[in-house]
Each structure stands twice: as C-alpha cells, then as structure tokens.
Amino acid sequence: MIRQTLHDGWQLSTTAGPVPEHIAGRTIPAQVPGSAHLDLLAAGLIRDPYLDREEEELVWAHRTDWAYALTFDATAPAADERVDLAFDGLDTVATIELNGQVLGSTANMHRSYRFDVREALREGANDLVVRFRSALEYAEEVERQLGRRDHVYPHPFNMVRKMACSFGWDWGPDLQTAGIWKPVRLERWRTARLATVRPLVTVGEDGTGRVEVHVDIERAGVGAEPELEITATVDGRRATVAVPPGATTAVVTVSVPEARLWWPVGYGEQPLYQLDVTLATAGAGADTLDATTRRVGFRTITVDTTPDEIGTPFTVVVNGTPVFVKGANWIPDDHFLTRITRERLERRVDQAVGANMNMLRIWGGGIYETEDFYDVCDERGMLVWQDFLFACASYPEEEPLRGEVEAEARENVARLTSHASLALWNGCNENLWGYVDWGWPEQLAGRTWGLGYYTELLPGIVAELDPTRFYAAGSPYSPAFAVDEVHPNDADHGTRHEWEVWNRQDYTTYRDFVPRFCSEFGFQGPPTWATLTSWVHDAPLTPTSPGFLLHQKAEDGNGKLDRGLAPHIGVPTAFEDWHWATQLNQARAVAYGIEHFRSWWPRTAGAIVWQLNDCWPVTSWAAVDGDERPKPLWYGLRHAYAPRLLTVQPRDGREVLIAVNDHDEAWTGPVVVERLTFDGVRCATATITLDVPPRSVARFDLADSLTTPGDAKKEVLVATSQDARATHLFGEDIDLAYEPRPLRAEVTAVPGGYRVDVTATSFARDVALLADRAAPDAEVDDMLVTLLPGERHSFTVTTAAGLDATALTDPLVLRCANDLSTRVVRP
Ligand code: BMA
C-alpha cells in the first residue's frame with residue numbers, strides 16, 4: 001500500500017450564491033484539511049467570524065457554493081494495481097471530479113468516501129475538483145421532498161447529515177462552513193487491503209484479556225486472487241488466520257493472560273496495549289500488503305439497568321465496580337473543527353480530569369469524536385459516552401437519509417471499537433422526550449420521526465458490530481419502556497435531563513427530584529473577562545449591548561440569568577459586578593445540583609453537567625470558555641466533584657451532614673462541626689467521627705444547637721475534616737449581614753507568577769482571584785474558597801506577565817460573594 005497525501009496546493013473559489021463583490025471571482029489558497037471560512041480569513045477577505053457582530057456579516061455564506069481545486073502529479077496505474085482516492089471527511093454536500101470525470105457525490109460529513117480512480121487518473125498532472133453546494137439549500141430541498149419535521153432553531157439541520165450545530169445552537173454561531181475537513185489521499189495497492197479492522201476487547205473471569213479482531217478485506221479485483229494471511233500481535237503474542245481465495249472477512253483472536261486492567265481515572269491505571277494487524281499473501285515469500293495499528297485496553301464496561309424497588313437504575317459498572325459518573329457534556333471544541341489540534345484536546349480533557357471528572361458525553365448535535373480525542377481519553381482514563389448524531393429534532397427515516405444514517409453508524413461503530421475509554425453508545429439527544437412533550441405527533445401527522453433509528457437500526461448495528469458496548473436509546477430515556485408507556489424523562493427510570501432549573505425554576509428545586517442518573521443539567525454564565533473583551537468591543541459593554549447579545553444565544557438568556565440571581569445574590573447594576581455575580585451564581589447553581597445528586601448515591605448514579613467546553617466566545621453553560629479559560633464554574637466543579645465531599649442536605653425535614661467518599665479507601669477521622677458568627681464567635685460545636693466505607697455515602701444527624709441560628713443573618717454552620725469542608729448559610733446572600741470588604745491580601749513574586757496570601761477579617765464566602773483581568777495569560781490555582789474569620793489562604797497565580805503589586809488585589813480582581821452585597825438591587 002502506497003499512500004500519497006493530497007494536502008498541499010489546493011485553491012478555493014466561490015461558484016454561486018450571494019457572494020460579496022470583493023470575494024466573488026477570486027481564487028485563494030485553501031488549506032486541506034480546512035474550511036472555506038478559515039481560508040477567507042487567512043486571505044484577509046473576512047474578519048474573524050467570532051469577532052463582535054461578524055457572524056451577521058457572513059450570512060451570505062449559508063447559500064454559497066464553493067470549489068476546491070488541486071493539480072497533482074501521479075503515475076498512471078499499472079495493470080494489476082488499484083488506485084483509490086480516499087476522503088476521510090467532506091463537509092458536506094459535494095461532487096468530486098478528476099480530470100473532468102465525475103467520480104461521485106456525497107451528502108454526509110460523518111463518513112468517509114473512497115473512489116476507484118483507475119479510469120480517470122492520468123500520467124503526469126491531474127486535476128481534482130471538489131464542488132460543495134450550500135448544505136442549507138440541500139437540506140431545504142430534502143425537507144420539501146420528505147415533509148417538514150419539527151426542529152429547534154431556524155434551519156432544517158435534521159434534513160442533512162452535517163453537524164447539527166453548524167447551523168447555530170443556543171451556545172453556537174450559525175456559520176455553516178464547508179470544506180475538506182479530514183485528510184485526503186491517493187492509495188495505490190495490489191491484491192487486497194484492510195478495509196475495516198474492528199478489535200472487540202473482553203476480559204475473561206480468569207483475567208485473560210481477549211482481542212478478537214474482525215477484519216474486512218477488500219480484494220483488488222484485478223490479477224490473481226491468492227490465499228491471504230492476517231496476523232494480529234498484542235504484547236508479543238501473535239495469532240494468524242488464513243483467508244481463503246474469495247473470502248473477504250476474517251477473525252483473528254489474541255489472548256493476553258493476566259492482562260493489566262484499564263480503569264477510569266480515580267480507580268486505577270490506564271495500561272494500553274498496542275495491537276498490530278498485518279495482511280499478507282500466504283505461504284513462503286509472503287508479501288505484506290497492508291498493515292495497521294490500534295491501542296487497546298482491557299476492561300469490561302456495562303450499564304446496570306436491572307429494575308429495582310424504585311424503578312430502573314442507570315449505573316455504569318467498570319471491571320465489576322459500580323462507578324458514580326462525575327461528568328460533563330462535550331460539544332465540538334471549536335465551531336471550525338479543523339482547528340482542533342491534539343494539543344488542544346489534551347488541554348481540554350486535562351481540564352476535565354482537573355475538575356475531578358471521569359466521563360465526557362459527546363452530545364449528538366456535534367460529531368463522532370476524532371481519533372485524537374479518543375486517544376487522549378484512553379490515556380487519561382476519561383470514560384466516553386458517544387451519542388449517535390441526532391439532537392432536538394424529529395428525523396425522517398426515508399431516503400436519502402436512511403442509507404446515510406446506516407452507513408455513518410456502521411463506519412463509526414467499527415472505527416471506535418478499539419478505544420478503551422468508549423463506554424456506551426446512545427441513540428439520540430432529547431428526541432424521545434421531544435416526541436412526547438414538544439408537540440411533534442400533531443406536526444408529523446403519522447410521518448416517521450426517528451424512532452426506528454433509535455430502537456431498531458442503531459441498536460442492531462451496535463449488537464452486530466460491537467456487542468461489547470451498552471446501547472441506550474436516548475438521553476433522557478426510561479430503559480425497557482416504550483415512549484408512550486413511561487415518560488423518557490421520568491426521575492425513577494434511567495437517565496434524566498433537568499432543565500426546569502435554568503428555564504423556569506430556581507436552582508434550589510434540583511432537590512425536588514432524585515433522578516437515577518442526571519445526564520444534562522446546567523446554568524449559564526458569561527465567559528471570563530479577558531475572553532469576553534477580546535471578542536466583543538461594544539462601548540459601553542453591557543448585557544444588552546449588541547455584540548454581547550449576539551454572543552448570548554439562549555432564548556431569554558439574560559432574563560434567566562437575572563431571575564436566577566435575584567433570590568440569591570441579587571442583580572448588580574454595574575456591568576463588572578453583574579459579570580462576576582452571574583459567573584458566581586452559575587458555579588453555585590451547578591454545585592448545588594451536584595451535591596444533591598452525589599448525596600443520593602447509589603440511587604443516583606451519575607451527574608453529567610451541561611457543558612464542559614465552548615466552541616467560540618459566548619455566554620453559555622460551559623465551565624471552560626471559548627478561549628480555553630476556566631470560568632468560576634470550573635473551580636466549583638472541581639470542589640463539588642472532589643473524591644471526598646462534605647455537604648449539608650435536608651433529610652426528613654432536618655439539615656444533616658452527608659459525607660460522600662468516592663475513594664478506594666475508607667474515609668476516617670474527625671469532622672468538627674461548628675456554628676459561628678461571621679466575626680468568629682463560636683455558638684455551638686460538636687465532633688463527628690467518620691468511618692465511611694470506600695465508594696459510599698454516610699449521613700450524620702446534627703444537633704439543634706448546630707442547625708438553629710441565633711441570628712440567621714450573621715451565622716454560618718461549618719463542618720471541617722482534614723480533606724473537606726462544608727459551609728451552610730442560614731439565608732441567601734441578599735439577606736445576610738456580610739462584612740462587604742473582609743479580605744486583606746499580600747502579593748509575593750514567585751517563579752512562574754505570584755503568590756497571593758489572603759486573610760479574612762470576617763467570614764468571607766467564595767473568594768476568587770479573577771486573574772485574567774490582571775493579565776490575559778494569568779490563571780489562578782483555586783477559586784471560590786470560603787474563609788472563616790482569621791483564616792488565611794495562599795493562591796498561586798501563574799503568568800508570564802510582570803504585574804505591579806496592586807494588580808492582583810484590585811477590587812475587580814480579588815473578589816468574594818461579600819463584595820456584591822452592597823452592589824445589588826434588592827427585590
Ligand atoms: C440541552 C442540550 C442542548 C442545549 C442545552 C442548553 O437540551 O441538549 O440542546 O444546548 O440543553 O439549552
């Protein structure tokens with residue numbers, strides 16, 4: 001097999017559409033893999049699409065057609081040689097021409113394409129053109145043909161197999177780029193090649209790891225058709241299987257006795273084994289025809305949905321150990337997918353690990369994640385839940401979509417089998433729920449909406465191609481019940497999305513339900529100051545200034561932010577205060593939900609917050625903003641997901657202390673519980689002795705003297721152990737008599753940045769250093785640290801900038817909840 005990459009020398013031009021004059025008729029260099037918008041940006045023909053209101057200026061691109069052209073040199077095919085043009089990904093509706101011959105057309109960015117080019121390829125210079133039509137116009141055409149199906153947001157993304165959030169989402173821009181988004185190459189081969197390699201990894205009762213490699217072979221169809229041989233090697237152990245003439249599939253199995261187990265992060269190591277697969281002609285003087293490698297990890301993962309006395313659990317079990325899932329939902333890490341480097345993914349997954357997460361859910365409006373993404377998750381022990389790509393819409397089950405759905409599902413299930421981190425497949429995002437609650441049946445009038453995909457086609461493909469993986473029909477869903485039998489979002493059955501909080505309800509209502517597994521819940525907050533102000537230049541910058549609003553996509557987003565603030569912190573008038581308050585409230589709301597969910601383990605078996613990351617600079621539910629900066633929520637998640645958590649929760653009408661021990665060792669030792677005044681007077685105190693078994697939750701009653709304040713405005717209940725602390729206030733911030741300026745700080749230069757020693761003169765809640773305001777590269781090691789009167793905490797700020805002594809103690813940088821108390825409008 002000889003591979004010739006075709007990435008250099010492409011040219012891009014527009015061919016039809018409402019193209020601005022200064023772009024129409026121009027030919028510019030094109031990057032491959034890449035996309036049209038990025039090429040226009042590189043050529044200086046558009047401003048950065050994420051800047052200010054540039055998105056509005058680029059609406060013309062929705063209805064534009066493009067041509068990518070390349071001239072490349074090749075030799076003519078030999079008589080016994082196959083030459084294929086292989087595209088790993090085209091975004092999206094394309095026709096491919098080689099030397100004037102049409103090779104084929106495509107309409108699915110989620111699959112690869114391969115064309116036999118023996119007829120079209122020439123000796124010497126060859127002209128390759130990939131013409132992209134407007135995916136929107138294609139989708140509208142399919143919609144006219146098949147009949148409208150309900151979808152969220154303006155465009156019919158459900159009519160074309162292009163990433164749904166290409167067309168805008170409630171956190172994403174509507175840019176609809178086009179391009180050759182994955183590698184493209186010429187492959188020259190003889191006799192046969194490895195078409196798919198699908199290792200199914202299992203672990204036997206005796207600890208023997210098994211790699212059952214399922215191979216599909218493509219025969220060249222020219223010349224002799226000899227017997228072939230496939231060899232698989234893992235950890236020095238090899239197995240070979242003969243493939244008789246004419247056969248195109250084979251299975252070869254390698255066993256690894258006493259395989260070292262792969263564990264999720266927090267549970268053990270992540271040993272990975274290299275698998276080598278070669279295809280050769282059989283017998284003496286064998287020729288190697290093709291070869292590939294994968295990395296596998298030995299573990300078993302399933303989801304326990306065996307009915308119990310409450311309903312139907314949804315408990316992830318790894319190597320026989322039930323795991324409380326501490327996760328986040330994942331969206332494409334940049335709207336322009338081709339900019340997402342392996343290094344960027346490493347940083348992002350490391351942020352998930354840093355926030356004590358063990359699972360990422362790849363949401364169905366994005367993509368089947370890349371090899372790089374899965375490699376990083378394999379290495380970090382980050383479990384992955386992969387959605388099939390259906391989100392918030394009804395989807396036709398007829399052609400031209402059905403065949404595409406089947407092809408992409410087969411390809412991606414096979415592509416991802418080797419990855420130890422891939423825990424489960426899921427049919428769709430919210431579509432079962434949508435059918436039940438969002439008025440779809442009336443609109444559909446009996447037409448298909450996707451149910452056949454989620455309950456027949458997709459589970460059938462997973463069972464056929466990867467029986468080692470669990471399949472869920474949707475998120476949310478109630479396992480084992482039809483949509484009209486038990487509500488898909490029922491708290492007692494399977495997964496639940498909790499969106500009443502944020503959309504309509506205060507975050508304290510998280511406690512009204514005890515879900516079996518909460519796979520989506522979240523609260524918005526703006527991006528960090530440095531990110532916001534480098535992309536939005538409104539003067540003045542306010543929550544309602546036009547650039548800010550274009551970077552807030554949620555329906556009534558600012559209204560929900562303010563209504564979320566009002567009963568807790570109050571709504572500040574100055575923008576800088578509002579920015580800090582909304583970020584703080586985001587962190588508080590989500591932590592409140594997580595502490596509730598964790599306190600109910602094992603009844604509640606997971607929390608997957610919406611969302612880890614952003615795909616551009618925007619006000620959103622993300623913990624990490626579009627420029628990769630952690631928002632206060634990220635620190636809040638790190639605390640709420642810590643292996644050991646103390647939390648005060650209501651049970652049977654009283655406040656109790658709950659200790660959550662998500663650790664392999666028992667949690668022992670004293671917890672000192674105190675009721676204190678904000679200025680440090682001890683009103684009541686008690687000591688509890690912990691002995692919480694591994695991976696479990698224990699509850700401790702608290703005496704009335706601790707839970708009943710003398711003056712609710714000025715007191716706090718604090719429970720402190722060596723590893724964790726819980727603080728419980730007796731009222732909301734707006735009602736409390738905080739000392740508004742309780743912090744003294746000293747800054748010392750240290751290698752790589754600064755140490756900021758902060759001392760509290762009075763109870764100081766949620767102390768934060770918004771370091772990016774002092775220098776754009778500055779990052780603080782911790783945030784939302786609550787200090788008791790007299791306590792001191794050292795923050796470390798990492799930055800290359802030389803800062804003057806006051807930069808990190810500026811009142812807009814060193815903040816806490818207390819300082820908002822004098823700056824809000826009380827209801
Ligand atoms: C959930 C997700 C997304 C959406 C988010 C916030 O429903 O599935 O569709 O972005 O809510 O509204």
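**Exercise 1. Determine how helices α13 and α14 are oriented towards each other.**

Solution. Helix α13 covers residues 557-565 and helix α14 residues 575-599; helices are DSSP runs (H or I, at least four residues), numbered from the N terminus. Their axes come within 10 Å and cross at roughly 75°. Axes are lines fitted to C-alpha atoms, for helices over the stretch in contact, and angles run from 0 to 180 degrees between N-to-C directions. Angles of 65 to 115 degrees count as roughly perpendicular, and α13 and α14 are therefore roughly perpendicular to each other.

The model is predicted: local features need pLDDT of at least 70, side-chain atom pairs count only at pLDDT 80 or more, and totals for chains, interfaces and linings use all residues. Residues are numbered from 1 along each chain as its sequence is written, and side-chain values use heavy atoms, with hydrogens and water left out.

**Exercise 2. State which strands stand at the edges of the sheet β41-β42-β46-β44.**

Solution. This open sheet has 4 strands with antiparallel pairing; strands are DSSP runs (E, at least two residues), and two of them pair if DSSP finds at least two bridges between them. β41 (743-750) and β44 (779-780) stand at the edges, each with a single partner strand, so one side of each lacks a neighbour in the sheet. β41 is joined by 8 bridges to antiparallel β42 (residues 753-760), where Val756 stands opposite Val747.

**Exercise 3. List the buried residues of helix α5.**

Solution. In α5 (residues 371-380), Phe373, Tyr374, Asp375, Val376, Cys377 and Asp378 are buried, meaning under 20% relative accessible area (1.4 Å probe, protein chains only). Gly381 follows α5 and has a positive phi, near 80°.

Conventions:
Angles under 35 degrees count as roughly parallel, over 145 as roughly antiparallel, 65 to 115 as roughly perpendicular and the rest as oblique. Buried means under 20% relative accessible area, exposed over 50%, partly exposed in between (1.4 Å probe, protein chains only).
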